[in-house]
Amino acid sequence: MEYRNLGRSGLKVSTLGLGANNFGWWVDEQASAAVINHALELGINFIDTADMYDKGRSEEYIGLTLKGRRTQVVIASKFAAVMGEGPNDRGGSRWYIMRAVEASLKRLNTNYLDLYQMHFPDRRRPSKKRCELLTTW
């Protein structure tokens, strides 16, 4: 397997990563574990998931499968999707991000994430560009 730098982080990630968006929805726990284990055997060390993938089940399956092997894998997860019924259970507010990362850490059975990303823009929060446009009118 070939590895490359993940930005300027110093982390080396496999050129092929494992996308975990099917875990839970269409792939059960046993099959998910088989896919993850095979990926690790092939030298893949980067797994991409998100809290929204089957309402966290993807992260749960990854956490269960990687028990005792967490340091072998670079885990990326994402936030911003609707994860509850409350008005703050989504998006890019600090309030939500803090709760979302704690929930992801619990599901992944780890105390750290290697990469945490916003899945998509929060249209409810004005971006700098939109604010600039509004103030020029």
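L16 is found in the loop between strands β2 (12-14) and β3 (18-19), and it is a good place to start a tour of this protein. Together with M1, Y3 and L42, L16 forms a nonpolar patch on the surface. Please keep in mind that you are looking at a predicted model. From the patch we move to the overall fold, and then to some charged pairs.

**The surface**
- The patch made by M1, Y3, L16 and L42 has about 390 Å² of accessible area together.
- The protein as a whole exposes about 8,600 Å².
- Carbon and sulfur atoms supply 54% of that exposed area.

**How confident the prediction is**
- The average pLDDT of the protein is 87, and 85% of the residues score at least 70.
- Residues 130-137 are a stretch to read with care, with pLDDT below 50.
- Beyond near neighbours in sequence, residues 130-137 have four contacts in the model.

**The overall fold**
- You can look for four helices and six strands in the protein.
- Along the sequence, these elements follow the pattern β-β-β-α-β-α-β-α-β-α.
- The protein has 137 residues, and 39% of them count as buried.
- Take the contacts between residues at least 6 apart in sequence: 69% of these join residues at least 24 apart.

**Salt bridges: D48 and K78**
- Side chains of opposite charge can pair when their charged atoms come close.
- The structure holds five salt bridges, and one of them joins K78 to D48.
- The closest N and O atoms of K78 and D48 are 2.7 Å apart.
- This pair links distant parts of the chain, since K78 belongs to strand β5 (residues 74-79) and D48 to strand β4, 30 residues apart.
- Strand β4 covers residues 46-48.
- Are these two partners buried or exposed? K78 counts as buried because its relative accessibility is 8%, under the cut-off of 20%.
- D48 is buried too, with a relative accessible area of 19%.
- Leaving aside neighbours within four places in sequence, D48 is in contact with several residues, including L18, G19, A20, Y53, A76 and Q117.

**Salt bridges: D54 and R57**
- Another salt bridge brings together the side chains of D54 and R57, at 3.7 Å from N to O.
- D54 is buried, with a relative accessible area of 17%.
- R57 is partly exposed, with a relative accessible area of 38%.

**Salt bridges: R70 and D114**
- The side chains of R70 and D114 also meet in a salt bridge, at 2.9 Å from N to O.
- Where do R70 and D114 lie? R70 is in the loop between α2 (57-65) and β5, while D114 is in the loop between α3 (94-108) and β6 (115-118).
- The salt bridge therefore ties together parts that are 44 residues apart in sequence.
- R70 is buried, with a relative accessible area of 12%.
- D114 counts as partly exposed, at 24% relative accessibility.

Note on methods. Residues are numbered from 1 along each chain as its sequence is written. This is a predicted model: local features need pLDDT of at least 70, side-chain atom pairs count only at pLDDT 80 or more; totals for chains, interfaces and linings use all residues. Side-chain values use heavy atoms; hydrogens and water are left out. pLDDT is the predictor's confidence in each residue, from 0 to 100. Contact means heavy atoms within 4.5 Å. Helices (H or I, at least four residues) and strands (E, at least two) are DSSP runs, numbered from the N terminus. Buried means under 20% relative accessible area, exposed over 50%, partly exposed in between (1.4 Å probe, protein chains only). Accessible areas come from the Shrake-Rupley method with a 1.4 Å probe; for residues, only the protein chains shown count as cover. Patches are made of residues with over 30% relative accessible area and no salt bridge: like charges are joined within 9 Å, nonpolar side chains (Val, Leu, Ile, Met, Phe, Trp, Tyr) within 5 Å. A salt bridge is a side-chain nitrogen of Lys or Arg within 4 Å of a carboxyl oxygen of Asp or Glu.
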